[in-house]
Structure formats: structure tokens, C-alpha cells
Amino acid sequence: MSPVRTPSATPRDAPPSADGTAAGRPEPGHPASGLRESGHEDSGHHGSGSGHLFGDPEHEAPWDEVIAPGAVLLRRHACAQADVLVAAARVVVAAAPLRHLVTPGGQTMSVAMTNCGEWGWVSDRRGYRYDPVDPASGRPWPPMPGIFLDVARGAALRAGYPDFAPQACLMNLYRPGTRLTLHQDRDELDLAAPIVSISLGLPAIFLFGGLQRSDRARRFPLQHGDVAVWGGPSRLAFHGIAPLAAGHHPATGAVRLNLTFRKTR
Ligand SMILES: O=C(O)CCC(=O)C(=O)O
């Protein structure tokens, strides 16, 4: 039995209190227009989250920021492939729609999720686990797009983890107000492999703590195209995402998309 990813006392996610209240919808034909969970309607509000007074940070040359032993933020690393990643994500979502999972404790997660690859991370009243089958359809998860693998493997290599072979890509869709509370990724049988996490669209604040829940979590702003990689001594670091601020991003509209890659076994 794999250990829980999120202790039940502190759910991985909050109920969808603010979900959709200030969210905009990508225009039809927009690269992110398929990145909606089914049945979710929103207002079309566009905030000012991506305005930059001092130039466009997404066209800066990539650089690396080590945040802890074994953990690095590859700043703007995926900018060049971002549009292709978003388009590929839309194909995945068409085959395995985004949905709001329920925690074992019965809370509905505000972040909408789906998966691609050999294994998908799921949560329900029975627990957290990896499943080769999408419980919503009874079919295998869609295959991991080649561009996902290329970017994830390239990022891992750059961060010092050669031969990363992810078997699961969890796709997290954040609307304004949604968040992921501090948690550890502990459902993988192979903890030697790192986690690779690509940020697309609206900016977010990445919370990165230590190996104990009580360790202070530092706050790192994440932008479109940033890739976080953590493994080795940081593989079990507590991490999360602070409530997303409303805004608009040309690549995704009013949402943030996160692609998180893991070797599960
Ligand atoms: O959205 C992110 O950047 C982090 C995602 C995450 O922590 C997770 O899927 O476990």
C-alpha cells in the first residue's frame, strides 16, 4: 500500500469556494479553449495578471535557480515549446476530460485534473493511487504526447537527472482562487526519480518547504514556461500552490495549466 500523498488532516486541496467566480474562458479556437472541465461555465472576465511594465519576462533567456539540494527552477525553460504543449494538452483533455477528484476524506478538489501516460494519479473515497485506467471512461489514459516527454526529459537532464522516464503526467488546471495545499508526492514506488513540473499560462506562487510539514515553506513565483524539478534529497519535500490570482494569459486565457511528470514504479 503506498503512503498517502496528502495527510487527511490537511487536504491536498480546498473545496471549490472561489472556483469560477472570476474566471475567464479562452476564446473558441484559442490554444487553451479545450482546457475546460466539462460543464464549467465562467464569466469571460479578463484581469491584468500578465501585464509587464519592464519588458516581457517570457522572452528572457532561460536560467536556472537552485532552491534546495536536488531542487531547481528552470526559468522559462519551456517557453519555446509552450504553444505546442498547450495544443497537445487540449488533445489529451478531449480524450480524458478534466474533472474534480474527491479526496478519501470526501472533499472535492478545486483544481481540475486529468492524466496521460501509462499511469494516472486518481483519488476517491478508496484512497490515492495510480491507475492504468481512467475511472471515468474505463479506458486507458491517453498516451503521453511526444512533446511532453521531450520537454520533461530535457528538463530533468538539465537539472542533473539523466534518463528520466516518466510513466505518468498529471495535468492540473487552476482557475482563480484554486490552490494545492502543502503535500508530499509519496504514491510513487520509485522515489529515486525526480518530479518534473511545467507551468503554463497564468503565474502562480510555488510553495516549497522541507521534509517535515512543519518546515517553513518558501514562496517562489512561477511564470509561463518555468519548469520545477526536484529529486534526490528534496524528493519528498512538501510543496503546493498558493491560491491563484485572477488574470489573463495569451497562451491559456484565464487559467493556469500545470503538467507534472512522475516515474511511478
Ligand atoms: O501546479 C503545480 O505547479 C504543482 C503541482 C503539484 O504539486 C502536484 O501535482 O503534486
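Where is Arg 76 found? In this predicted model, Arg 76 is found in the loop between β2 (71-75) and α1 (82-95). The legends below describe this loop and several other regions.

**View A. Two residues with positive phi, Arg 76 and Asp 163, in their loops.** Most residues other than glycine have a negative phi. Arg 76, although not a glycine, has a positive phi of about 60 degrees. Its loop connects β2 (71-75) and α1 (82-95). Arg 76 counts as buried because it has 20 C-beta neighbours inside 10 Å. Asp 163, likewise a residue other than glycine, shows a positive phi near 65 degrees. Asp 163 lies in the loop between α2 and β8. With 9 other C-beta atoms within 10 Å, Asp 163 is exposed.

**View B. The hairpin of β1 and β2.** Strand β1 comprises residues 63-68 and is hardly covered, since the count of buried residues among its six residues is zero. β1 and β2 run antiparallel and are joined by five bridges. Across this pairing, Asp 64 of β1 stands opposite Leu 74 in β2. Two residues lie between the strands of the hairpin, in which Gly 70 takes a positive phi near 80 degrees.

**View C. The hairpin of β4 and β5.** Strand β4, residues 120-124, is mostly covered, with four of its five residues buried. β4 is joined by five bridges to strand β5, residues 127-131, and the two run antiparallel. Val 122 is placed opposite Arg 129 in β5. Two residues separate the strands of this hairpin.

**View D. Helix α2 and its buried residues.** Helix α2 runs over residues 146-158 and has 13 residues. From its first C-alpha to its last, α2 reaches 18 Å, close to the 18 Å expected at 1.5 Å a residue. The buried residues of α2 are Phe 148, Val 151, Ala 152, Ala 155 and Ala 156. These residues lie on the same side of α2 because they cover an arc of only 130 degrees around the axis.

**View E. The open sheet of four strands.** Strands of a sheet pair through backbone hydrogen bonds, either parallel or antiparallel. Here the order of the strands is β9-β14-β11-β12, and the pairing is antiparallel. β9 (180-183) and β12 (218-222) are the edge strands, each of which pairs on one side only. On average, neighbouring strands of this sheet are turned by 20 degrees against each other, direction ignored. At one edge, β9 and β14 pair in the antiparallel sense over two bridges. Leu 180 stands opposite Ile 241 in β14.

**View F. The shell of residues around the ligand.** Which residues surround the ligand? They are Leu 170, Asn 172, Leu 180, Asp 185, Ser 197, Ser 199, Phe 206, His 239, Ile 241, Asn 258 and Thr 260. By character, the shell divides into four nonpolar, six polar and one charged residue. At least two residues of the shell are supplied by each of β8 (168-174), β10 (195-201), β14 (239-241) and β15 (256-262). Leu 180 and Ile 241, which face each other in the pairing shown in View E, are both among the residues that surround the ligand.

Key. Residues numbered from 1 in each chain as written. Predicted model: local features only at pLDDT ≥ 70, side-chain atom pairs only at ≥ 80, totals over all residues. Near = placed C-beta within 6 Å. Nonpolar A, V, L, I, M, F, W, Y, C, P; charged D, E, K, R; others polar. Pairing = 2+ DSSP bridges. Axes fitted to C-alpha atoms, helices over the stretch in contact; angles between N-to-C directions. Expected span 1.5 Å × (residues − 1). Buried ≥ 20, exposed ≤ 12 C-beta atoms within 10 Å, placed from the backbone. Arc of directions from axis to C-beta.
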